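Load the model in a viewer and keep the selection panel open. The tour goes to the ligand, then to an internal cavity.

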Amino acid sequence: MTVATRQQLGRLVETLQRTIPAGRVVTTGPGYDAARQLWNGAVASRPGVIVRCVDPSEARDAVLAAREFGVPLSVRGGGHDWAGRALSDGGLTVDLTDLRRVTVHPAAEVAEVSGGATALDVARAAEPFGLTAVTGTAGSVGMAGLTLGGGYGPLSGRFGLAVDNLLSADLVLADGSVVSVDEEREPDLFWALRGGGGNFGLVTSMRIRLHRVPTLLSGIVMYPWDQAATVLAGLADIVPGAPDELTVQFGVLPGPGGDPVVFLAPTWSGDDTAAGERELARLDTLGTPLLSQLLPTTMPEKLAAIDAQFPFGRHAEIRSRWVPALTTGVRDALHLAGSGLTSPCSAVSLHCLHGAAARVPVTRTAFGNRDPHLMVEIIALWEPGDARAADHRAWAGDLSSALEPEALPGGYPNLLGTDEVTQIAHAYGPNTERLLALKRRFDPDHVFRAIPLPFSSASEVACS
Ligand SMILES: Cc1cc2nc3c(=O)[nH]c(=O)nc-3n(C[C@H](O)[C@H](O)[C@H](O)COP(=O)(O)OP(=O)(O)OC[C@H]3O[C@@H](n4cnc5c(N)ncnc54)[C@H](O)[C@@H]3O)c2cc1C
């Protein structure tokens, strides 16, 4: 699709304003600016029109109008895609941030989640019923964006990825039709949605499985940098044998004094709290911690704490690798990157895929890698105006390159930039051909452009 002309956009706005109040079909002003603000402040895209939907039917009107006038389309949820795919530069952005209702059915242990709800919205709605959802680590991440691309999180060892907890979805397809999909209704489309991201339609609502977790033990342990080698070696022994109930996120960040630290953010979600305390104690004694706060908590508390650490508006560049284990080579690369941190905001975070998430057969959903592995998230982050932006970007690229010899092919599609062609080619593993065939069937004109898909023809790659 080409960039929309002024006339196309004018006619598009006129059409939309017939069914959606003018105040929510915005081309400029505070409402427009607010909807343009993404987590990554470096994204400069300016949509020609933003439609701020409060109702699923408005989202459908927006998809139909974009098609009618041949205007490129994007969908904005929680605004955390660092590559800025939520905004269609010069095109139409369907903003779902006001579509945030969450309804919990406690007896069924299910939540109905609107397309723009965040992880924190879901966690807060579920918590009064003693229930929790499988989310990622940050609260302001959109639940649909996280789930459709996979969704690593602190409960993944016990309950699978977020995508494994998706029961059904209502979505607007590229031709404007509205469908409900699950294992029985349009099973192919439901399969593609679970891992294929926003490439198949606009999700107005999803039903997700909730879980009863009486006590969540979690928090943070930080070790000083001179103990990094010992602590990482200790983790290399613990992580592969961790029980399902224990998911350990860990990595490197600048500590309170400015020097790098190794951080561990373990979560115990098992029913046996005493066993959890014993497991966490092992992580607390890998060296002499600078800080150790491992306590009973709630999912909303946990998510809000991460949001405070990673606020909207900083500039970001993210690189990502899948590695099979915390090998010596991976530890060396982490050590080098920590010692060479260029920004006081940057971090490296490793998410474990193990337990329940690793027992799902790889072809059951479109998510491409179910072998136990670590997803390395390399987050270069700096304040706007920082003159060393190029250094911060290079730092992320260097770590990604250093990990390459240790890495599995592919990578987590939710974090891959469109330029990571080699990784994209392998990101869906054995599911690639089926996924691409379904994209051609359900969205042959590439109306929905979301996480990257590995089309081999140049014209299709340019569109996806
Ligand atoms: C601080 C931070 C922490 C993160 N933590 C984790 C983590 O712990 N685990 C993890 O797995 N990932 C994590 N991520 C990655 C995150 O899951 C992805 O970036 C995800 O795409 C963000 O979704 P969003 O709705 O917030 O983003 P947006 O930028 O709003 O949307 C990204 C894309 O998702 C699609 N999308 C969103 N909503 C819909 C919808 N309703 N219907 C159809 N398509 C939709 C669209 O294609 C859109 O372009 C993190 C990212 C950041 C920045």
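In the counts below, Ala, Val, Leu, Ile, Met, Phe, Trp, Tyr, Cys and Pro are nonpolar, Asp, Glu, Lys and Arg are charged, and the others, Gly among them, are polar. By that scheme the shell around the ligand holds 15 nonpolar, 14 polar and three charged residues. This is a predicted model, where local features need pLDDT of at least 70 and side-chain atom pairs pLDDT 80 or more, while totals for chains, interfaces and linings use all residues. Residues are numbered from 1 along each chain as its sequence is written, and side-chain values use heavy atoms, without hydrogens and water.

**Ligand.** Select the residues with a heavy atom within 4 Å of the ligand. There are 32 of them, the closest being Gly77, Gly79, Gly142, Tyr152 and Tyr412. Now show polar contacts (pairs of N or O atoms within 3.5 Å). A backbone N or O atom of Gly79 sits 2.7 Å from a ligand oxygen atom, and one of Tyr152 sits 2.8 Å from a ligand nitrogen atom. Next, colour helix H5 (143-149), one of the elements giving two or more residues to the shell; H5 supplies the largest share, four residues.

**Cavity.** Select Thr137, Tyr152, Gly153, Pro154, Thr247, Val248, Gln249, Ala265, Thr267, Lys302, His351 and Cys352, which line the largest cavity. Its lining divides into five nonpolar, six polar and one charged residue. Colour domain 2 (102-212) and domain 3 (216-421): both give residues to this lining, so the cavity lies between them. The domain bounds come from an automatic or database assignment.

Notes: Polar contact = N/O pair within 3.5 Å; in protein donor to acceptor, adjacent residues only side chain to side chain. 1 Å grid on protein atoms, 1.4 Å probe; cavity = no way out; pocket = protein on both sides within 12 Å on 5 of 7 lines; lining within 4 Å.
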